[in-house]
Amino acid sequence: MLKGIPSILSPDLVKGLMEMGHGDEIVIADGHFPAARLNENVIRCDGHQIVPILTAILQHLPLDTYVDKPVALMDVLPGDSIPNIWEQYVTILKQEGFKKDSIKWESRYDFYERAKSAFAVIATSERALYANVILTKGIVSEE
């Protein structure tokens, strides 16, 4: 155990976040996402939901301020309803100083293509549909 690191962030997840560089992307995937098929670097977070993982990650991972939309969500298919979990994501992002327009909605297959080249996919037990998130890592500036 370390001070200041939320226990929901496993050693493998912390290691992955530390190894990412500026512009690298990480996917936080719901339980329906084909993580192992799309990316060789899968970090298991079984038994956990995305909201607490996203909250914990954003305490330590800077989002890229050099791109217009450092967060991507998988857009819903026609006829499907907007998931309630997105409201929680917007709230979390606002707490980190980002606005709703920092989010890009990707079609399912475009999202899958981005996941293939992501640094890693975090596989969760999230049951909400369309709960997948891609984060683009930024930099920690000297202050």
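These legends accompany a set of close-up views of a predicted model.

**Figure 1. The whole chain, with five helices and six strands.** Let's start with the full protein before zooming in. Following the sequence from its start, you meet helices and strands in the order α-β-α-β-α-β-α-β-α-β-β. The radius of gyration is 14 Å, close to the 15 Å that the globule rule gives for 143 residues, so the protein is as compact as a globular protein of that length. Along the principal axes, the C-alpha atoms fill a box of roughly 45 × 30 × 25 Å. Of the 143 residues, 48% count as buried. The accessible surface comes to about 8,100 Å², and 51% of that surface belongs to carbon and sulfur atoms. If you take the contacts between residues at least 6 apart in sequence, 86% of them join residues at least 24 apart.

**Figure 2. Phe33 and Tyr112 form an aromatic pair.** The structure holds four aromatic pairs, and this view shows one of them. The ring centres of Phe33 and Tyr112 are 5.5 Å apart and the planes meet at 80 degrees; planes over 60 degrees apart count as edge-to-face, so this pair is edge-to-face. The two partners come from distant parts of the chain, 79 residues apart. Phe33 belongs to the loop between strand 1 (25-29) and helix 2 (35-38), while Tyr112 belongs to helix 5 (residues 108-117). Are these two rings buried or exposed? Phe33 has 9% relative accessibility and counts as buried. Tyr112, at 11% relative accessibility, is buried as well.

**Figure 3. Tyr112 also pairs with Tyr109.** Stay with Tyr112 and look along helix 5. Tyr109 and Tyr112 both lie in this helix, three residues apart, which is about one turn. Their rings are edge-to-face, with 5.7 Å from centre to centre and 85 degrees between the planes. Tyr109 is exposed, with a relative accessible area of 54%, whereas Tyr112 is buried. Which residues make up the aromatic cluster? Phe33, Tyr109, Phe111 and Tyr112 form one cluster. Tyr112 has a charged neighbour too: the charged end of Arg37 sits over the Tyr112 ring, 6.0 Å from the ring centre.

**Figure 4. Strand 6 (residues 133-136) is covered on both faces.** In a regular strand, side chains alternate between the two faces of the sheet. Here Val133 and Leu135 lie on one side, Ile134 and Thr136 lie on the other, and all are buried. Which strands does strand 6 pair with in this view? Strand 1 pairs with strand 6 in the antiparallel sense over four bridges, and Ile26 stands opposite Leu135. Strand 3 (residues 71-74) also pairs with strand 6 in the antiparallel sense, over three bridges. In that pairing, Leu73 stands opposite Val133.

**Figure 5. Tyr130 has a positive phi value.** This view moves to the loop between strand 5 (120-124) and strand 6, where Tyr130 is found. The phi angle of Tyr130 is near 55 degrees, a positive value in a residue other than glycine. Is Tyr130 buried or exposed? With a relative accessible area of 11%, Tyr130 falls under the 20% cut-off and is therefore buried.

**Figure 6. Helix 3 (residues 50-58) is mostly covered.** How many of the nine residues of helix 3 are buried? Seven of the nine are. These buried residues are Ile50, Val51, Ile53, Leu54, Ala56, Ile57 and Leu58. The cover over them comes from several elements, including helix 1, strand 1, strand 2 (42-45), helix 4 (85-95), strand 5 and strand 6.

**Figure 7. Gly16 in helix 1 is buried.** To finish, here is a view of a single glycine and a residue from elsewhere in the chain. Gly16 has its place in helix 1 (residues 11-19). With a relative accessible area of 5%, Gly16 is buried. Along the chain, Gly16 and Phe119 are 103 residues apart, and their C-alpha atoms are separated by 8.2 Å.

Technical notes. Residues are numbered from 1 along each chain as its sequence is written. This is a predicted model: local features need pLDDT of at least 70, side-chain atom pairs count only at pLDDT 80 or more; totals for chains, interfaces and linings use all residues. Side-chain values use heavy atoms; hydrogens and water are left out. Rings of Phe, Tyr and Trp (its six-membered ring) pair if their centres lie within 6.5 Å; planes under 30 degrees apart count as stacked, over 60 as edge-to-face and the rest as tilted. Helices (H or I, at least four residues) and strands (E, at least two) are DSSP runs, numbered from the N terminus. Buried means under 20% relative accessible area, exposed over 50%, partly exposed in between (1.4 Å probe, protein chains only). A charge sits over a ring if NZ of Lys or CZ of Arg is within 6 Å of the ring centre and within 35 degrees of the ring normal. Two strands pair if DSSP finds at least two bridges between them. The radius of gyration is taken over C-alpha atoms; the globule rule is 2.2 Å times the number of residues to the power 0.38. Contact means heavy atoms within 4.5 Å. Accessible areas come from the Shrake-Rupley method with a 1.4 Å probe; for residues, only the protein chains shown count as cover.
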